[in-house]
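Open your viewer, switch to a cartoon view and keep the selection tool handy. We will go from stop to stop, with something to pick at each one.

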Amino acid sequence: MALMPVADALAAILAGVEPLPEEMVALDAAYHRVLARDAAALRTQPPQAMSAMDGYAVRAADAAHVAARLKVIGEVAAGRPFEKTVGTGEAVRIFTGGVIPAGADAVIIQEDTVAEDGGITITEAARPGRHIRPAGIDFREGDVLLPRGTRLTDRDLSLAAGMNHKELAVHRRPKVAMLATGDELVMPGSIPGPGQIVYSNGYALRALARGAGAETVDLGIAADTVEATTSGIRRARDAGADILVTMGGASVGDHDLVKRSLEAEGVAMAFWRIAMRPGKPMMHGRLGAMRVIGLPGNPVSSYVCGFLFLAPLIRALSGRSAVHHVSETALLGSDVAANDIREDYLRARLKRRADGVLIATPVNHQDSSLLGNLAAAAALVMRRPFAPAAAAGTPCEILRLPD
């Protein structure tokens, strides 16, 4: 099979993806969930005109001149309205959040009055509407303030509560099962034997998946046998995974058994080689409703492919309105060589110059096994196929990596 362009591979992965079914969750459980329906205000906020300051509710016409004298006939506090009407020459003591009493059309702040003998003297003239929050200034009943597809922030939850929602309809989180393969892998904290390495890929990928909105299932490490690999695939299916991610065994060597095992379980493979660096040996297929992404074993290749392909798939299944990564423009901080047939994703540090210009400097060594350089990177510099050599200071396209 010829190498598939990155854009075509992503399109194939996202083809036919529909958001997962909705469920109702309490507000405290809705943080970073994705709305499955528009959320409209169930009330008007504020429901009545309210004072924005501590002071006195007055008729502006009665307090239009300095030294005007008004009689105080009552008090309004938040939650305790004044039931009478403010008449000519009268005022009502009012506190922030208090309902503006009938007859009043302005608030004079207490600093602009002198209180004595059951009344006040005005030291600054009132203006109609001053220091009053009109009814509905925030929102009105029926206003759609949180549209479907919104990934809910902490501020959105406060808004939803103010709109009088105690729960919201959100899409179910995608369940991502992750299976590592390889006899050479041992868990962190172990003492590696000859030829063994410490397993690291899953930790970054599970965090990446959770950050994109998924829940994760760790299927552990499968030995380099068809039996162990197929057992892991079946456990993912039995767990109800929406996505199975395999790590390692995606190449064409004698011990790379993932493709063979997936096909033996009935996975229809859409592709298994991509025109990108790092990450050429990547696979994608379907096993019923479960989507399968087979990532390379090298940790940098695994992460870059997970970032480029797994994260958008999770967003699409979550019902997000924005699925794709958004690129930015920066200037190269160092020279880069001409590119070949594959699309390059160079790990790069970011720095903003004093004039505000963003500088992206690729790390010195781009080997796909170097975790230190991956951790030091804040972005990927995208180099299109057959891009010519570029000198430092040349504009480039970048994708920011998650914080």
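Which residue in β6 does Glu-75 stand opposite? Select Glu-75 and look across to β6: Arg-93 is the residue facing it. Before moving on, please keep in mind that this is a predicted model.

**Stop 1: the sheet around β5**

Now select residues 69-76, which make up strand β5, and residues 90-94, which make up β6. These two strands run parallel and are joined by 4 bridges. Another pair to pick out here is Val-72 with its bridge partner in β6, Ala-91.

Next, add residues 119-122, strand β9. Here the direction is antiparallel, and 3 bridges link β9 to β5. To see one of these bridges, pick Lys-71, whose partner in β9 is Gly-119.

Go back to β6 and add residues 55-58, which are strand β4. β4 and β6 run antiparallel, with 4 bridges between them; Gly-55 has Ile-94 of β6 as its bridge partner. β4 also has 4 bridges to β7, again antiparallel, and there Tyr-56 is partnered by Ile-108.

Now show the whole sheet. It is an open one of 6 strands with mixed pairing, and its order is β7-β4-β6-β5-β9-β8. The edges are formed by β7 (106-109) and β8 (113-116), each of which pairs on one side only. On average, neighbouring strands in this sheet are turned by 40° against each other, direction ignored.

**Stop 2: two residues with positive phi**

Select Asp-117, in the loop between β8 and β9. Its phi is positive, about 55°, although Asp-117 is not a glycine. Is Asp-117 buried or exposed? It counts as exposed, because its relative accessibility is 76%.

Then move to His-131, in the loop between β9 and β10 (132-133). His-131 also has a positive phi, near 60°, in a residue other than glycine. With a relative accessible area of 23%, His-131 is partly exposed.

**Stop 3: a second sheet and the helix on it**

Which order do the strands of the open sheet containing β16 and β18 follow? The 6 strands run β16-β13-β17-β21-β20-β18, and the pairing is mixed. β16 (215-222) and β18 (268-271) each have a single partner strand, so one side of each is left without a neighbour in the sheet. Neighbouring strands of this sheet are turned by 20° against each other on average, direction ignored.

Colour residues 226-238 to bring out helix α4, which packs on this sheet. α4 touches β13, β16, β17, β20 (283-287) and β21 (290-295), and its direction makes about 170° with that of β13. Within the sheet, β13 (residues 175-181) and β17 (residues 243-247) pair in the parallel sense over 5 bridges. Select Leu-179 and you will find Thr-246 of β17 opposite.

**Stop 4: helices α3 and α6**

Select residues 299-318 for helix α6, which has a kink of about 40° centred on Gly-306. How many of the 20 residues of α6 are buried? The count is 20 of 20, so α6 is mostly covered. Just after the helix comes Gly-319, with a positive phi near 90°.

Now add helix α3, residues 201-212. The axes of α3 and α6 come within 9 Å and cross at roughly 25°. That makes α3 roughly parallel to α6, and the crossing is right-handed. For the contact region, show side chains: among the residues of α3 that meet α6 are Leu-205 and Leu-208, while those of α6 that meet α3 include Tyr-303, Gly-306 and Phe-307.

**Stop 5: Asn-339 and the cis peptide bonds**

Select Asn-339, in the loop between β22 (328-332) and β23 (343-352). Asn-339 counts as buried, at 12% relative accessibility. Pro-385 is 46 residues away along the chain, yet the C-alpha atoms of the two are separated by 6.0 Å. The contacts of Asn-339 beyond four places in sequence include Arg-277, Asp-344, Arg-383 and Phe-386.

From there, step to Arg-277, which is joined to Pro-278 by a cis peptide bond with omega about 0°. Pro-278 is in the loop between β19 (276-277) and β20. For the last selection, pick Gln-45 and Pro-46: a cis peptide bond joins them too, with omega about -10°. Pro-46 sits in the loop between β2 (39-40) and β3 (50-51).

Note on methods:
Residues are numbered from 1 along each chain as its sequence is written. This is a predicted model: local features need pLDDT of at least 70, side-chain atom pairs count only at pLDDT 80 or more; totals for chains, interfaces and linings use all residues. Side-chain values use heavy atoms; hydrogens and water are left out. Two strands pair if DSSP finds at least two bridges between them. The bend at a residue is the angle between axes fitted to the seven residues ending there and the seven starting there. Buried means under 20% relative accessible area, exposed over 50%, partly exposed in between (1.4 Å probe, protein chains only). Axes are lines fitted to C-alpha atoms, for helices over the stretch in contact, and angles run from 0 to 180 degrees between N-to-C directions. Contact means heavy atoms within 4.5 Å. Angles under 35 degrees count as roughly parallel, over 145 as roughly antiparallel, 65 to 115 as roughly perpendicular and the rest as oblique. A crossing is left-handed if the near helix is turned anticlockwise from the far one by less than a right angle, and right-handed if clockwise.
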